[in-house]
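Hi,

Here is the structure I promised to pass on to you. Have a look at it first, and then read my notes underneath.

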Amino acid sequence: MTYELYYWPEIQGRGEYVRLALEEAGAAYVDVARGPRGTHVMMKMMDAHKGTPPFAPPFLKTGKLVIGQTANILLYLGSRHGLAPKSEAGRLWVHQLQLTVADFVLEIHDTHHPLGPSLYYEDQKPAAKKRTAEFWSERVPKYLGYFEQLLTDHGGAYIAGRRLTYVDLSLFQIVDGLRYAFPKRMKAFEEKIAGIVGLRDRIAARPNIKAYLASERRIPFNEQGIFRRYLELDG
Ligand SMILES: N[C@@H](CCC(=O)N[C@@H](CS)C(=O)NCC(=O)O)C(=O)O
């Protein structure tokens, strides 16, 4: 069975958390919107699911199911591909962590769009500077400190213990994204999250992830995505 992933074709964005899980699992999938007339096909697919339409990309089609919300997609994939614990308590815990990642992703987005997604970055630069300063002084230490502590408490291998889960893949993306968007700030901060940085390196070295990162399937970071490099925001 081949999964159909629907996400904006020019960016990693939130689709990337799903791509990383599919790639690690070695699952067969088509990144539909990157094909011919892809965005059009994606919009048609959203409209086609009248009863249970997704609110926004990413969404995943698997047989007759169309699943929206990044964390929900990962909840589904995790249990089918050995990327989540088997017990209900374990699955809920990992889902909870992924929802926390989703909250963090929104705050990362809001550093460059603090006044909302409808205005251009250029129209909200002073607010973006203020928001970014607070993001780095308060929010990054709180979120990444939380994950660093969890990693230590669970033995240092993976965030939920001895086995890899989709949350570890997402944390890889968070570290690489912050390195791209805020190279100076992240360099200064990394000594506080040595465990997470080590986890990032182990994920990058996994054969399927390594092959994916070197392939054309991995869209480069750019200034349309969640992680944007605006030097004036980098301290
Ligand atoms: N909470 C959702 C957010 C989905 C979302 O914001 N998708 C963006 C792209 S990353 C989008 O296309 N939003 C359209 C909109 O909000 O109008 C998730 O994690 O999947």
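Below is what turned up, starting with the ligand and moving on to the backbone.

One thing to keep in mind as you read: this is a predicted model.

**The ligand and its surroundings**

If you want to find your way around, start at the ligand, because the rest is easy to place from there by the definition of being near a molecule, within 4 Å. The residues around the ligand are Y7, W8, R14, F55, A56, P57, P58, Q69 and T70. Sorted by type, this shell has six nonpolar residues, two polar ones and one charged one.

Which side chains make polar contacts with the ligand? W8 is one of them: an N or O atom of its side chain is 2.8 Å from an oxygen atom of the ligand. T70 also has a polar side-chain atom 2.8 Å from a ligand oxygen. With Q69, the partner is a nitrogen atom of the ligand, and the distance to a polar side-chain atom is 2.6 Å. As for how covered the ligand is, it exposes 510 Å² when taken alone, and the protein buries 64% of that. The space that the ligand takes up is the largest pocket.

**The hairpin**

Next, have a look at strands β3 (residues 59-62) and β4 (residues 65-68). They pair in the antiparallel sense, over four bridges. If you'd like one pair to check by eye, take L60, whose bridge partner in β4 is I67. Two residues sit between the strands of this hairpin, and G63 takes a positive phi near 60° there.

**Two backbone details**

Where is the cis peptide bond? It joins P57 and P58, with omega at about 5°. Both of these prolines are also listed among the residues around the ligand. P58 lies in the loop between α2 (38-48) and β3.

The other detail is R37, which has a positive phi of about 50° although it is not a glycine. You'll find R37 in the loop between β2 (29-31) and α2.

That's the tour. Shout if anything is unclear.

Cheers

Definitions and conventions: Residues numbered from 1 in each chain as written. Predicted model: local features only at pLDDT ≥ 70, side-chain atom pairs only at ≥ 80, totals over all residues. Heavy atoms only, no water. Polar contact = N/O pair within 3.5 Å; in protein donor to acceptor, adjacent residues only side chain to side chain. Areas by Shrake-Rupley, 256 points an atom, 1.4 Å probe, with all protein chains shown as cover. 1 Å grid on protein atoms, 1.4 Å probe; cavity = no way out; pocket = protein on both sides within 12 Å on 5 of 7 lines; lining within 4 Å. Sits in = over half its atoms within 2 Å of the grid points. Nonpolar A, V, L, I, M, F, W, Y, C, P; charged D, E, K, R; others polar. Pairing = 2+ DSSP bridges.
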